[in-house]
Amino acid sequence: MAGAEGDDSLYPIAVLIDELRNEDVQLRLNSIKKLSTIALALGVERTRTELLPFLTDTIYDEDEVLLALAEQLGNFTMLVGGPEYVHCLLPPLESLATVEETVVRDKAVESLRKISQEHSPVDLEVHFEPLVKRLASGDWFTSRTSACGLFSVCYPRVSSTVKAEIRQHFRTLCSDDTPMVRRAAASKLGEFAKVLELEYVKSDIISLFTALASDEQDSVRLLAVEAGVSIATLLPQEDLETLVMPTLRQAAEDKSWRVRYMVADKFSELQKAVGPEITKNDLVPAFQNLLKDCEAEVRAAAANKVKEFCENLPEDGRETIIMTHILPCVKELVSDTNQHVKSALASVIMGLSTILGKDNTIEHLLPLFLAQLKDECPEVRLNIISNLDCVNEVIGIRQLSQSLLPAIVELAEDAKWRVRLAIIEYMPLLAGQLGVEFFDEKLNSLCMAWLVDHVYAIREAATCNLMKLVEKFGAEWAQNTIVPKVLGMANDPNYLHRMTTLFCINALSEACGQEITTKHMLPVVLKMSNDQVANVRFNVAKSLQKIGPVLDSNALQTEVKPVLEKLATDQDMDVKYFAQEAISVLALA
Amino acid sequence: METPTKLPPSSPSSPTTGFSVPSAEKVDGFPRRSMRRARQRRSHSSSQFRYQSSQVELTPLPLLKDAPVAELHDLFCRKLQQCCVLFDFLDCVADLKGKEIKRAALNELVESVATSRGVLIEPLYPEAIKMISVNIFRTLPPSENPEFDPEEDEPTLEASWPHLQLVYEFFLRFLESPDFQPSMAKRYVDQKFVLQLLELFDSEDPREREYLKTILHRVYGKLLGLRAYIRKQINNIFLRFIYETEHFNGVAELLEILGSIINGFALPLKSEHKQFLVRVLIPLHTAKSLSIFHAQLAYCVVQFMEKDATVTEYIIRGLLKYWPKTCTQKEVMFLGEIEEILDVIEPSQFIRIQEPLFKQIAACISSPHFQVAERALYFWNNEYILSLIEENCQVILPLVFGTLYRVSKEHWNQTIVSLIYNVLKTFMEMNSKLFDDLTASYKVEKQKELKRERERAELWRGLEEQQERRLQSLGEAIRNQKNLQERENPSPSEPETSAANTT
């Protein structure tokens, strides 16, 4: 520690503070980000007595600097001397928790929450809780907003008198004059409820929840919905009906679509929280209404939950409920006017087949799948195709293959390359499910066509796709169906297509194994080393480097080495570079 | 931590947090206009009609102008009630007869309230306000266009405008009528009413916002008791816009109203108003969509300065704090606003802010974006600004000289170079002695700067080395301590685990 003393004197605080005060924001930001270095240089005591007061006093800076500071201070406990002294960090963080910029404030609150855990119960009451109170009764909305996030971290560890005060403060903020504060309180209501004793949940939280859920601003009401879900998980079943359900029912029919959207979005959580009885009696009709809502946003959010909702229905009567109540709504959504609704549905609808079983799937769901496969919007079709595995398990994919094929072909030729890219990504999955014969007959030509697509990203994806197919169907299949076509492109007049051959070889050599690579691929690559386009030549060098490990040493020495040596004297510098790289990687020098 | 107070998205594409990102969109972020345009118009009815289950059949009433005086008020009232029936305009062929009857009735009401005296008697106030509320207050639908850009895209127009416009027109005439009695109206046009009115400013339809602007202005003018409340709620809307959603369509309109409100502030300014300037108007400059309302915002800011010159320093320091870092388009706007401010600045105030201000201006001059540099250099064409610079040449020239000198040699754009030469010439004429001194010391200053740079690097290297050493010794100490403990009580956990293994 004596050495440390010596170090301290090397760096007078003034020099360090000058760095923190530099005129250039970027330099200031850099210094703040290395605040821990400065603190370490100063030692714990001087950090407490000199650095922190300086930071507390000079908090007026660019938000970016403040954000960095707020973050740093959350990790400062050891640098001020451990938990015993952690409360020294409170003053600067308190100031940061009152600034205007949300990001800074949130970060300060996050750091405060973090260090609150490092306070002893006594320090919590002596230092931390008074800070929360000061923030909660601040003049400007920013400090009150920040306070909302701090109640729940100190509540569990303070005495019952202080607890009562905290509850009182929270109550006050829930009916704050400023909607910003009410929103903050509403968003923390669930979290706060979780740390309260059950009796206070019933006496305090419920009335706050009810009030916030009928706030004049929809932005407050919708946050109360989320809180409602958390509260419902805390209450015993027999209280739910009287304490929470009336408010939630009202939220599901709120006049603002944003609130209804929120209910739809939280529906699965809600369902789990209230249990099977209320689900059957209340949630099923509510869910039907959301699926039929007049705003597309709400329908889409609800459509997203169809599978989860059905899965979590109580097992007795599940099938009846789905068949009589949910499925009719789902049928309507298949021909919804809004594409977002349809595509949300398409992303989950296949999941119903596992729940309903083979017969129902064939009779009721299959027509819906088929209709969606023919949808005008490519996203809907893609979502169906990407979830084929669920159906495959229940009824096998054959039932669908007749409709599947036109849908795939159409997507494969879509004018938008992003759509083509998406369908390529599903090819290996489809190939696995449809089997090799079907694939060879119907899809192979598509896969080859993508190799000469005019968009590079598609050619690249097509190459990768081939590799996955070979992994699935084996080397022999590759040799018979793919390799000849790929190698044929080596003579294409378009140099981009010739390069595609090389890219394919890079991808396929390992999966195809030594024999095919040496016998069929290597000669083609070597021949291409005489190509007139330099890009092709240096890709030959790269390919040789790539496939080298698959070849035996004889081929490497007698065939690869001479070609690389020749390329290493090429007139093009890139060709030379990659040839030399290959030589050194393959250790042929 | 999430920012929990964000509203859920107001557009159909952003709920993608919920549904999986459409694979076609994952690949890149380019908006696909073609697809967007092709989206179907919503054919579901809007939220407004959720609760109006059975449509009432309207029957035409006698004309107001034919009514005998004794029945006029009663008829007026019945027409108001008739106009409370809402029609679905998204289905353009539904109930054409009813729509026409309502339209005619509204026209008559507008006409009557605008031209004839003595119509507005007390019992009609609640009926009129009820008719207005039923028609205009509604939850605005989600935006049709997921990434609506007010500058580029066509706004979605309100389908029910044929009726809505007449209702707004009626409201306006009602407020402007010479018979209008604020003392009676205030019972019905209350805080709740005003709050709902303000929320409508988020409408995407510019025609609706235009009406709302005039109407709110009249309400503010006539109902004195609501003024403070209106100001407070506008504050809340702005703060939510700045710090929470970044989305609100009516910012420009609200600022326009505020511009005239500020004009009427009494002196000295109340602290509430100063707070509004510093905590709301200035932070509004941070908004991404600044360009849409910048003119109105700058007007408000200048209004404040003209009212009370002592706020100048707050304003300029505020703008400097929020100076755009990467968006050059906004930087040009800021420079424009600074020029507007400097146009009316008092020389005594100028002295207070010249230093930080001209540091920023120097930074703008050295911007590689020529529009930014050009906009800053134009300040020297402004006679009043030039006179301020001249008076304070001793302070300003040293601040900008280095930049001017360097940029005049380095800038890629010839226009900028020649503008800088002009500025340098102006300075030379202003104070040739100072100019020569600065030219002479330029190199020395550069050297000093480099030296400082090196010293800083040195300092940090030292600090980091020291940190390294300390962390190492700390690590060693911990290891030693552990070793020591283990030697004292030879790892009690080990035998236990091996015992557990054998069983």
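Arg144(A) and Asp176(A) are both buried in this predicted model. Their side chains don't just sit there on their own, though: they meet in a salt bridge, with N and O 2.6 Å apart. Arg144(A) belongs to helix 9 (residues 141-148) of chain A, while Asp176(A) sits in the loop between helix 11 (160-174) and helix 12 (179-195), so the pair ties together parts of chain A that are 32 residues apart in sequence. The general idea behind such pairs is simple: side chains of opposite charge can pair when their charged atoms come close.

A second pair in chain A follows a similar plot. The side chains of Asp375(A) and Lys342(A) also meet in a salt bridge, this time at 3.3 Å from N to O. Here the link runs between the loop that joins helix 23 (352-373) to helix 24 (378-386), where Asp375(A) is found, and helix 22 (residues 339-346), home of Lys342(A); the two are 33 residues apart and count as distant parts of the chain. As for burial, Asp375(A) has a relative accessible area of 9%, which makes it buried. Lys342(A), at 5%, is buried as well.

Over in chain B, Glu445(B) and Lys448(B) give a more local example, since both lie in helix 21 (residues 432-488), three residues apart, or about one turn of the helix. They form a salt bridge whose closest N and O atoms are 3.8 Å apart. Neither partner is buried: Glu445(B) is partly exposed with a relative accessible area of 40%, and Lys448(B) is partly exposed at 44%. Salt bridges can also share partners, and in chain A this joins Glu129(A), Lys133(A) and Glu165(A) into one network.

What about a charged residue that is buried yet has no salt bridge? Glu374(B) is just such a case. The nearest side chain of opposite charge is that of Arg375(B), and it is 8.2 Å away. With a salt bridge requiring a nitrogen and an oxygen within 4 Å, that distance leaves Glu374(B) without a partner. Glu374(B) is placed in helix 17 (residues 370-377) of chain B. Leaving aside residues up to four places away in sequence, Glu374(B) touches Thr415(B), Ile416(B) and Leu419(B).

Taking all chains together, the structure holds 58 salt bridges. Among them are the buried pair Arg144(A) and Asp176(A) and the helix 21 pair Glu445(B) and Lys448(B).

Technical notes:
Residues are numbered from 1 along each chain as its sequence is written. Chains are lettered from A and ligands numbered from 1 in the order in which they are written. This is a predicted model: local features need pLDDT of at least 70, side-chain atom pairs count only at pLDDT 80 or more; totals for chains, interfaces and linings use all residues. Side-chain values use heavy atoms; hydrogens and water are left out. Helices (H or I, at least four residues) and strands (E, at least two) are DSSP runs, numbered from the N terminus. Buried means under 20% relative accessible area, exposed over 50%, partly exposed in between (1.4 Å probe, protein chains only). Lys and Arg count as positive and Asp and Glu as negative; His and the chain ends are not counted. Contact means heavy atoms within 4.5 Å.
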